[in-house]
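Visitor: I have a structure on my screen and would like to learn how to read it. Could you walk me through a few features?

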Amino acid sequence: MKKNYLAFFMSMIMTVLVLAGCASEPNESEGGSGDGGQAQEGGDLVIATISDAVSLDPGAVNDVPSFDVQYNIFEKLVKHDEDMNLLPSLATEWEQVDDTTWEFKLQEGVTFHDGEPFNAEAVKVNIERMMDPDVGYPTANMVEMVEDVEVVDDYTVHIKTEYPFPGLPANLGHPMGAMISPKQIEEDYAAMEDGEGPGSVINANPIGTGYFKFDEWASGQHIRLVKNEDYWDGAAKLDSVTFKVVPEDLTRLAELQTGDSHVSNPLSSSDIEQVEQSEDLEMYQQSSVSLDYIGFNTQKEPFDDKRVRQAISMALDKGQILDGVVNGYALEAEGPLSPGVFGYDESLEGLEYDVDAAKELLAEAGYPDGFSTTLWTNETRERADIATNAQAQLKEIGIDVDIEMMEWGAYLEQIGNGDHDMFILGWSNSTADADLGLAPLFHSDNLGPPGNRTFLQIDELDELLDAGRQEVDEEKRLEIYKEAQELLIDEAPMVYIMHKAYLLAERTEVQNLKMLPTKMLLLKDVYLEQ
């Protein structure tokens, strides 16, 4: 599997804009997602997931556990397929009618879960909410170029941008582009006027156009969705889906074996052997456009000195982590972009593993005997293992690391506030474009919750990222992003560890389950074979 995974990435390098997806990385067993016969209706699919959602308002968060639930409630104008190609969703077609105007034609006859019609006015209300600083979308940077949304007729909308931006449709395919009931948006604004926080109404009972509807949320326990019988594109096969919070890897696997859950998301690579030995379980693997990293707070001593950051990067043998923690189900990262993302450059070389050079850099920075620091992580076995591995390796250069583990919501809040020294996190590139892989993580406009949790602020980098966003010539964009990545490798705001495969386990009765390279689960056509 390790060889297959590396081969897959090499194939993506040759086709930068297109992911091979599941075609190059099939399931371990076809039974888990293949169609074993005539699809059956009904049943409750239980997904044991590692973390609870933080919010069900697309405007409030920027994390995968929240988006994974929202993905089934809301829809966007466009969507991505398993190869990260853009497909119609609530928009039937789109085109750039001039340098700064995009026209979207909309599906007719679509209604929100509360009966409100989906139309051009609904699109206008939603995009204006995405841009509203009083709402404070952490992903608002993805529509910061939008100047105006014009209703042409009931099912045609024009989106005007400040400058030519060819990536607008892809950005609207990000989870933040979810269309919320205009009536509910109005109610949410009314609650804000009464002193409530943005999204309070939406989070309590999210209303979209999706094939599942919100039913209940027992915080810290589960979120339950039920079938939308009136879905415009054919109802889902399942009666309901329950996202059950089970933080411990082994407990999720045990629930899978007893049948208390149908899917374990994720599956730790350490547990693959148990899955393979069970006749009732199968493993599903999806290559990703993600990055796993150890980040530094570049505004805190000693991490405000890039020599310290470089030293830590050079002192960590990432191969140990790939082999010892994820059993080779990943590709070692040279920089922030993975193969398959537009802007990835195979010629880039990361900082070389060199313990002696790392010690010299620390001495130059004024820390010849090292120092003590804290490494934060959330409660996952994989990240805990990465932390332990890094702790042992950094001890060789005199850095004493204390590991602290936190609950997911509190973890995001505190690293978003900049309370940390070092932290472990990942980033899933939902558009497979360098703009989303770099600007949220490193632009100084996006400090904290929008993505820049290293609090990096470099004028030269900001200028490059702004130029890359606005450049329409692909070759020029690639040159800009190459320069930006070279700068990021030198500045070392994070240790770029790996681009890993997403793994989950499922019971054999689960049919048609698929996952995007962004980690979103496709549940509309899933059914439970009797």
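Guide: Happily; we will look at a helix pair, some burial patterns and a few backbone details. Keep in mind that this is a predicted model.

Visitor: How do I describe two helices that pack together?

Guide: Two packed helices are described by the angle between their axes and the distance between the axes. Here, take α15 (residues 459-470) and α16 (residues 474-491): their axes come within 9 Å and cross at roughly 155°. Angles over 145 degrees count as roughly antiparallel, so that is how α15 runs relative to α16. The crossing of α15 past α16 is left-handed.

Visitor: Which residues of α15 and α16 meet?

Guide: From α15 come Glu460, Leu461, Leu464, Leu465, Ala467, Gly468 and Arg469, and they meet Arg477, Ile480, Tyr481, Glu483, Ala484, Leu487 and Leu488 of α16. By character, the residues of this contact divide into 9 nonpolar, 1 polar and 4 charged.

Visitor: Glu491 is in α16 too. Is Glu491 buried or exposed?

Guide: Glu491 has a relative accessible area of 15%. The cut-off for buried is under 20%, so Glu491 counts as buried. Leaving aside neighbours within four places in sequence, Glu491 is in contact with Lys306, Arg309 and Ile458.

Visitor: What should I look for in burial along a whole helix?

Guide: An α-helix has 3.6 residues a turn, so residues three or four places apart point the same way. In α12 (residues 381-395), the buried residues include Arg383, Ile386, Ala387 and Ala390. Helix α12 reaches 21 Å from its first C-alpha to its last, close to the 21 Å expected for its 15 residues.

Visitor: How many residues of α2 are buried?

Guide: Helix α2 (residues 64-73) is mostly covered, with 9 of its 10 residues buried. Among them are Phe67, Asp68, Val69 and Tyr71.

Visitor: Where can I find cis peptide bonds?

Guide: One runs from Asn265 to Pro266, with omega near 10°, and Pro266 lies in the loop between β11 and α8. Another runs from Glu301 to Pro302, with omega near 0°; Pro302 sits in the loop between β13 and α9.

Visitor: And which residues have a positive phi without being glycine?

Guide: Asn512 is one of them, with phi about 70°, in the loop between β20 and β21. Asn512 counts as buried at 16% relative accessibility. Lys519 has a phi of about 90° and is found in the loop between β21 and β22. At 21% relative accessibility, Lys519 counts as partly exposed.

How values were computed. Residues are numbered from 1 along each chain as its sequence is written. This is a predicted model: local features need pLDDT of at least 70, side-chain atom pairs count only at pLDDT 80 or more; totals for chains, interfaces and linings use all residues. Side-chain values use heavy atoms; hydrogens and water are left out. Axes are lines fitted to C-alpha atoms, for helices over the stretch in contact, and angles run from 0 to 180 degrees between N-to-C directions. Helices (H or I, at least four residues) and strands (E, at least two) are DSSP runs, numbered from the N terminus. Angles under 35 degrees count as roughly parallel, over 145 as roughly antiparallel, 65 to 115 as roughly perpendicular and the rest as oblique. A crossing is left-handed if the near helix is turned anticlockwise from the far one by less than a right angle, and right-handed if clockwise. Contact means heavy atoms within 4.5 Å. Ala, Val, Leu, Ile, Met, Phe, Trp, Tyr, Cys and Pro count as nonpolar, Asp, Glu, Lys and Arg as charged, and the others, Gly among them, as polar. The expected span of a helix is 1.5 Å times one less than its number of residues. Buried means under 20% relative accessible area, exposed over 50%, partly exposed in between (1.4 Å probe, protein chains only).
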